[in-house]
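Dear colleague,

Please find below the structure that I agreed to pass on to you. My notes on it follow directly after.

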Amino acid sequence: MVVRMLKGWCGILLLLIVFMGVKAQNDLGSTFKTQPYVSFSDASGGFPLFGNGSVAPLIVAENDYSGVHRVAAHLQKDLLMVTGQRPELISKDFSGLKSAVIIGTLGQSSLIDGLVTAGKIDVSDVAGRWEVSLIQVVENPLEGIDRALVIVGSDKRGTMFGMFDLSAQIGVSPWYWWADVPVEKQSELYVKAGRYNLGEPKVQYRGIFLNDEEPALGGWVRENFGDFNADFYGHVYELLLRMKGNFLWPAMWGKAHADDDINNAILADEYGIVISYSHHEPMMRAHVEWSRYGEGLWDYTKNKEKLDQFWTEGVARNNGYESFITIGMRGDGDEAMSDDRNIDLLTDIVANQRRIIEEVTEKPAEEVPQVWALYKEVQEYYDMGMRVPDDIMLLYCDDNWGNVRRMPDDKERAREGGLGMYYHFDYVGGPRNYKWINTNPLPKIWEQNKLTYAHGVNKLWVVNVGDLKPMEFPIQFYLDLAWDPDRFEAEDVAKYSEVWARQQFGENYAKEIAGFMDHYGKINGRRKPEMLDWNTFSLLNYREFERVADEYNALAAKAAKVNEQIPDNYRDAYYQLVLYPIEAAANLYHLYHATAKNHLYARQGRSMANQMADSVRHYYEKDSLMTHYFHTGMAEGKWNHMMAQTRIGYTYWQQPEFNVVPKTERVSVLSGAQPDMQVEGHGAVYSSESDRLPEFDVFNQPSYYLELFNKGDQSFKYRLTSKQKWVKFSSAKGSIDDQKRIYVSIDWDQAPVGLNEAVVNVKAGKRSMDVKLSAWNPSEAQKAAISGFVETRGYVSMESSNYSRVNETDAISWLVIPDIGRTLDGMVAQPYRVEEQVAGEGPSIEYELYLRTPGTVKVHAYFSPTLNYPGGEGLHYGISFDDDAPVVINAHADASDNAWYQKVGNSIMVHTSEHSIESAGQHTLKYHMVSPGLVLQKIVVDTGGLKNTYLGPEESFKK
């Protein structure tokens with residue numbers, strides 16, 4: 001708790017410093033918490049980038065890198081968009097200029113080196129560093145020039161990043177082209193006097209992987225560019241640089257980056273984008289190239305000579321370009337190489353690949369950047385003892401669902417080649433494909449990658465972004481996080497969302513839009529849309545399906561209201577970044593909710609079953625209409641094909657060829673009035689087996705429904721009565737054509753003390769049905785003695801962050817991660833790298849609760865689906881009540897594929913322990929940290945009444 005408060009105030013203070021005096025769209029730069037140096041009005045001593053109706057010219061030395069000249073042309077265009085005037089871009093003959101923007105790379109630009117020699121700029125904190133940008137107002141920099149804004153890079157990318165940082169600060173979003181974010185015109189632009197060092201990245205290589213790019217991205221590219229050529233990739237490279245990215249795994253489903261267009265590789269090197277090939281594409285050759293040019297089998301035991309030749313050509317083609325060579329070998333088609341674990345063979349392959357690298361590059365292999373991806377079964381090779389030379393980077397991987405698989409030990413952290421992480425926002429594979437829209441909550445990205453960084457993985461971060469377009473928000477967050485993970489504390493994630501929303505949409509709606517982005521990410525993170533069906537949520541227990549569908553519907557209504565208010569020029573950007581993913585996902589929830597009700601109603605014989613079948617068809621058609629507008633109406637059809645990914649009708653891991661309307665049932669409506677009833681909590685129609693409502697209690701003061709419905713084609717009248725006058729009804733009488741819910745509640749001012757029974761009589765048409773209920777109303781003295789969470793309906797449900805106390809040590813504290821849970825927050829012990837503790841002797845979290853039911857109880861602990869990343873037996877935790885000895889549970893005792901499917905598919909792992917409660921009354925539940933890394937989201941104590949749901953019951957009343 002102490003950690004959370006201190007870090008929270010520090011984060012807020014830093015954000016206030018960043019926001020003070022800064023106009024809309026000027027507080028993000030290209031990275032979070034960038035110091036603002038641009039003013040939209042005349043600043044004392046500021047440099048007039050655009051003042052008195054003229055824009056300062058841009059000067060780049062002729063001998064600077066071609067990529068620097070290229071990015072300077074982008075800056076020129078950005079200034080045109082913001083000011084309405086195109087600045088001159090000059091490489092020589094500076095006569096007549098009184099002020100200018102001088103841009104250049106240290107050690108490459110004659111202009112910049114001349115300023116250093118003349119003592120005009122101090123580069124002591126820039127020289128020799130990686131990708132550092134210095135921005136400074138300089139007096140009398142060159143003969144005839146009175147003042148200049150100087151942008152200096154320690155290297156080529158440092159110069160480019162400095163220019164694009166300036167673009168971001170004047171109001172050009174990285175997504176101005178990729179998401180049609182408007183660029184607001186400004187009448188003045190001033191760079192504040194001072195010296196601004198943008199710092200060095202904490203992760204050396206930061207990038208994305210275009211993958212699973214059919215049918216969406218592929219269809220769009222072919223329509224607009226003809227192929228995955230340099231015209232297309234130029235937009236990708238520019239986007240990466242605007243977000244301070246420098247690394248790319250190019251698209252690979254039937255694509256070959258350098259073979260499709262050799263200008264792809266040439267342009268990437270010019271832009272400073274480091275090209276590598278994916279985890280199963282060794283030696284700078286795309287997988288599809290083997291089908292184009294390879295001879296014989298993709299089998300090193302049978303076709304070594306041809307494979308060596310194939311790889312030699314790949315390295316030679318890319319020789320001289322900045323790249324990372326993937327080494328190793330997987331089977332044909334991104335599969336395991338063989339059923340056995342042939343470590344000797346793979347070791348021999350790596351040795352031969354390094355020999356090829358030396359022969360082609362004429363350099364020692366250890367001087368050529370290489371990466372070995374520990375992906376899927378390759379991780380098993382490594383765990384079984386396979387090793388590669390120390391200069392090769394080890395690329396760790398997540399499980400394709402955003403959960404890191406393995407973290408390095410001290411020996412691995414000392415590797416010369418460094419360590420990387422391959423992460424996923426998109427995936428094709430089990431338990432289900434997910435690649436339609438963004439389903440990646442920022443708190444989870446933050447937590448798993450902060451864990452990664454804490455373990456020394458800082459050479460390369462690359463994330464699979466699928467088609468790129470649906471992942472705009474998490475891509476920018478990921479790259480900003482990679483630039484400097486130390487800037488981001490848990491409390492900063494929500495603030496980041498607001499800053500991001502401000503950059504895209506301005507000040508007026510930033511807070512609301514940030515809330516929308518966080519909320520829909522959270523809901524989609526609970527369950528990937530592709531994994532939804534009519535059985536996901538409970539239709540009967542705790543009104544779960546109704547609650548989650550209503551939650552999304554309310555979110556969609558709020559987002560639609562902002563869409564009506566936002567300026568017209570923002571509508572296209574708002575639709576693709578905010579409104580479409582919310583409305584389309586909300587519609588999907590309605591589709592499956594209607595399907596679930598159709599199935600229930602058909603079993604019950606309700607006439608409304610047919611109306612629900614019609615609703616399913618309506619929502620299915622609405623999905624296609626929204627897609628059609630995204631493709632043809634929005635942005636004048638610019639993004640046709642980009643939402644072509646199927647998402648409705650999955651039956652196993654692979655996508656259906658087409659969206660498939662869910663199966664529904666229709667009933668034959670009976671003649672006349674045919675009343676019946678469903679009692680809340682029961683799926684069957686009224687009978688002696690389903691004639692009791694859930695328990696009422698004075699703490700929660702709930703209401704429960706009786707749903708009267710018709711199986712026939714004529715209306716009927718109804719009337720509800722009870723001899724107990726403290727029982728109330730939302731509607732005591734009336735007439736019903738199809739169905740109606742009547743809510744039963746308690747007048748607690750009139751209810752007697754204690755646990756009391758009552759009966760509700762329901763007359764519907766000619767039927768008379770009695771429904772039982774009980775109401776718990778303890779005395780005032782009993783209420784006063786109760787503290788903490790209160791057991792009702794046979795369970796206690798507690799969100800992890802709503803604890804009573806935390807117990808910490810000098811070395812270990814507790815951190816709240818806001819909004820990481822499926823329903824609320826998460827609690828994790830810090831730091832990540834700490835020894836295991838003895839349960840009962842180390843840190844713990846305490847929850848006060850009042851239990852009404854003694855005996856054996858089950859404690860269900862809900863965790864983020866953390867993997868056994870340290871290896872060994874698994875991560876452990878402990879649970880105890882009062883002064884009892886803790887029960888220690890291994891969260892990874894079941895290491896089966898099925899257990900993993902359940903964890904990632906449900907976005908949770910739930911583990912259960914049993915405990916004996918001797919007496920009713922006050923108790924303290926203690927959660928004990930044993931292993932670091934487990935993120936506790938929720939605890940549910942089942943005293944015998946817990947019902948099955950996807951999310952677990954809502955949090956219990958806390959007194």
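In which helix is the place of glutamate 358? The model is a predicted one, and in it glutamate 358 sits in helix H11, which covers residues 343-361. Its relative accessibility is 35%, and glutamate 358 therefore counts as partly exposed, since the partly exposed class lies between 20% and 50%. On the surface, Glu358 belongs to a patch of negative charge, where it gathers with Glu366, Glu367 and Glu416.

Helix H16 (residues 492-505) presents another picture. Of its 14 residues, 12 are buried, so the rest of the structure largely encloses H16. Charged residues are found among those buried in H16, including Asp492, Glu498 and Arg502. The buried residues also include Val493, Tyr496, Val499, Trp500 and Phe505. As to its length, 14 residues at 1.5 Å a residue should span 20 Å, and the end C-alpha atoms of H16 are indeed 20 Å apart, so the two values agree. After H16 comes glycine 506, which has a positive phi, near 85 degrees.

Finally, I would draw your attention to lysine 958, which lies in the segment after strand S39 (936-942). With a relative accessibility of 37%, lysine 958 counts as partly exposed. Lysine 958 is separated from serine 787 by 171 residues in sequence, while their C-alpha atoms are 7.3 Å apart in space.

With kind regards

Terms used:
Residues are numbered from 1 along each chain as its sequence is written. This is a predicted model: local features need pLDDT of at least 70, side-chain atom pairs count only at pLDDT 80 or more; totals for chains, interfaces and linings use all residues. Side-chain values use heavy atoms; hydrogens and water are left out. Patches are made of residues with over 30% relative accessible area and no salt bridge: like charges are joined within 9 Å, nonpolar side chains (Val, Leu, Ile, Met, Phe, Trp, Tyr) within 5 Å. Accessible areas come from the Shrake-Rupley method with a 1.4 Å probe; for residues, only the protein chains shown count as cover. A salt bridge is a side-chain nitrogen of Lys or Arg within 4 Å of a carboxyl oxygen of Asp or Glu. The place of a charge is taken as NZ of Lys, CZ of Arg, CG of Asp or CD of Glu. Helices (H or I, at least four residues) and strands (E, at least two) are DSSP runs, numbered from the N terminus. Buried means under 20% relative accessible area, exposed over 50%, partly exposed in between (1.4 Å probe, protein chains only). The expected span of a helix is 1.5 Å times one less than its number of residues.
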